[in-house]
Amino acid sequence: MKNAKIAEKIIPQSADMPNSIKFCFVILFLLCPLPALSTQWPEIKLLKIPKYELPVAVQVTIAKDPVYKTRKKYLAYPLDEFLGLLKPPKQIGPEELLVIFTAEDGYQSFMSYSDAISESGYIAFKDVAASAKNHWQPFKFGAKMTTPEPYYLVWPNPELDKWLFPWPFKLTRISFEPAVDFFAAALPKTDQKPVQQGFELFTQYCIRCHSVNNVGGKIGPEILVSDPRNKYLVEFILDAPSFIKDTKMPSFKDRLETKNALAILAYLKYIHSK
Ligand code: HEC
């Protein structure tokens with residue numbers, strides 16, 4: 001952040017500076033250690049927040065929790081308070097900024113900052129129905145039992161689309177990053193319609209589990225579309241659970257049509273041909 005402020009001050013003045021001085025600034029800028037730029041976006045490691053900095057906890061009721069598939073009550077901190085602690089970078093518009101939620105196992109979900117502040121989200125830390133000793137009740141994830149420990153993002157408004165308002169569990173980190181940076185390596189450099197549509201769908205529904213060029217989550221494998229004869233790929237994408245028992249990959253039958261799955265494949269083929 002500091003760098004950006006200094007740059008704002010320097011650049012307007014440099015307009016009436018001799019070229020040699022401008023050149024010095026350019027050299028200075030180039031000498032700055034570049035890796036620092038990629039880590040400058042604000043982040044919060046939830047387990048490292050000192051107790052006295054934690055917001056006041058409230059109790060929230062979730063009419064139908066998508067993980068437990070039932071009514072739930074949690075003790076939770078308002079998401080807004082964490083976003084306030086993080087301080088959104090002012091130079092980026094709320095639409096272009098992503099809030100990224102990273103779980104212990106590498107699962108990354110994200111949402112636009114403008115969505116995040118438009119609704120009340122809560123970072124839950126205890127299931128009210130769990131025993132005094134345990135903070136959480138177990139649920140089945142893939143073939144195994146697990147719990148949302150240590151943190152779980154929940155949204156009491158039942159109307160919200162769970163793909164725009166994600167419910168990541170085992171949450172350990174919240175960070176900000178401009179969407180263009182976050183998706184840079186996955187961005188297709190073409191205006192072909194299906195490829196562009198496929199990219200949008202892939203970032204909305206798939207990238208939280210599958211990475212492309214190392215962008216995204218690691219719950220699912222990097223998708224290789226190398227074998228064009230793989231004729232079940234479309235059916236698989238639409239309804240993985242009908243192919244693999246206990247898969248962590250959800251069914252998309254209710255959200256995607258064949259033409260959407262084809263667009264995703266067009267995007268993946270494009271990316272892998274580069
Ligand atoms: C919640 C995580 C999750 C999401 C979201 C998800 N997947 Fe998967 N996917 C997996 C896992 C895990 C596997 C590995 C299958 C298994 O063993 O269960 C997989 C496997 C696959 C495979 C087969 C892998 C291969 O190359 O052999 C394809 C293709 C695939 N996913 C495509 C998609 C697409 C396209 C989307 C988005 C529409 C998507 N997945 C969303 C978790 C996910």
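**Group meeting: sheets, a helix, a ligand shell and some loops**

With 10 C-beta neighbours inside 10 Å, Lys 87 counts as exposed. I start with this residue since its backbone is also unusual. Bear in mind throughout that this is a predicted model. Lys 87 is not a glycine, yet it has a positive phi of about 55°. Most residues other than glycine have a negative phi. On the chain, Lys 87 sits in the loop that connects α4 and β4.

There is another lysine to put beside it. Lys 69 has a positive phi of about 60°, and it is not a glycine either. You will find Lys 69 in the loop between β2 and β3. Is Lys 69 buried or exposed? Lys 69 is exposed, because the count of other C-beta atoms within 10 Å is 9, and a residue with 12 or fewer is classed as exposed.

One more backbone feature before the sheets. The peptide bond from Glu 149 to Pro 150 is cis, with omega near 0°. Most peptide bonds are trans. Pro 150 belongs to the loop between β8, residues 144-146, and β9.

That loop leads us to a sheet containing β9. The sheet is open, with four strands in the order β2-β3-β6-β9, and the pairing is antiparallel. At its edges are β2, residues 58-62, and β9, residues 152-154, each of which pairs on one side only. From one strand to the next, the twist averages 50°. Looking at one pair in detail, β2 and β3 run antiparallel and are joined by five bridges, with β3 covering residues 72-78. Within that pair, Val 58 stands opposite Ala 76 of β3.

Which helix lies across β3, β6 and β9? That is α4, residues 79-86, and it runs at about 25° to β3. The loop holding Lys 87 lies between this helix and β4.

β4 takes us to another open sheet. Here four strands are arranged in the order β1-β10-β4-β5, again with antiparallel pairing. β1, residues 43-45, and β5, residues 108-112, are the edge strands; each has a single partner strand, so one side of each has no neighbour in the sheet. The twist in this sheet averages 15° from one strand to the next. β4, residues 97-103, is joined to β5 by five bridges, and the two run antiparallel. The bridge partner of Phe 101 in β5 is Ser 109.

Now to a helix further along the chain. α9 has 15 residues, 258-272, and spans 21 Å from its first C-alpha to its last, close to the 21 Å expected at 1.5 Å a residue. What are the buried residues of α9? They are Asn 260, Ala 263, Ile 264, Leu 265, Ala 266, Tyr 267, Leu 268 and Ile 271. These buried residues pack against α7, residues 193-206, and α8, residues 233-238.

Those two helices come up again at the ligand. There are 20 residues around the ligand, and those that come nearest are Cys 206, Cys 209, Gly 220, Thr 247 and Met 249. The elements giving two or more residues to this shell are α7 and α8. Of the elements, α8 gives the most, with three residues. By type, the shell divides into 15 nonpolar residues, three polar and two charged.

To close, back to the loops. The places to look at on the screen are Lys 69 and Lys 87, with their positive phi values, and the cis bond from Glu 149 to Pro 150.

Methods: Residues numbered from 1 in each chain as written. Predicted model: local features only at pLDDT ≥ 70, side-chain atom pairs only at ≥ 80, totals over all residues. Pairing = 2+ DSSP bridges. Axes fitted to C-alpha atoms, helices over the stretch in contact; angles between N-to-C directions. Contact = placed C-beta atoms within 7 Å. Expected span 1.5 Å × (residues − 1). Buried ≥ 20, exposed ≤ 12 C-beta atoms within 10 Å, placed from the backbone. Near = placed C-beta within 6 Å. Nonpolar A, V, L, I, M, F, W, Y, C, P; charged D, E, K, R; others polar.
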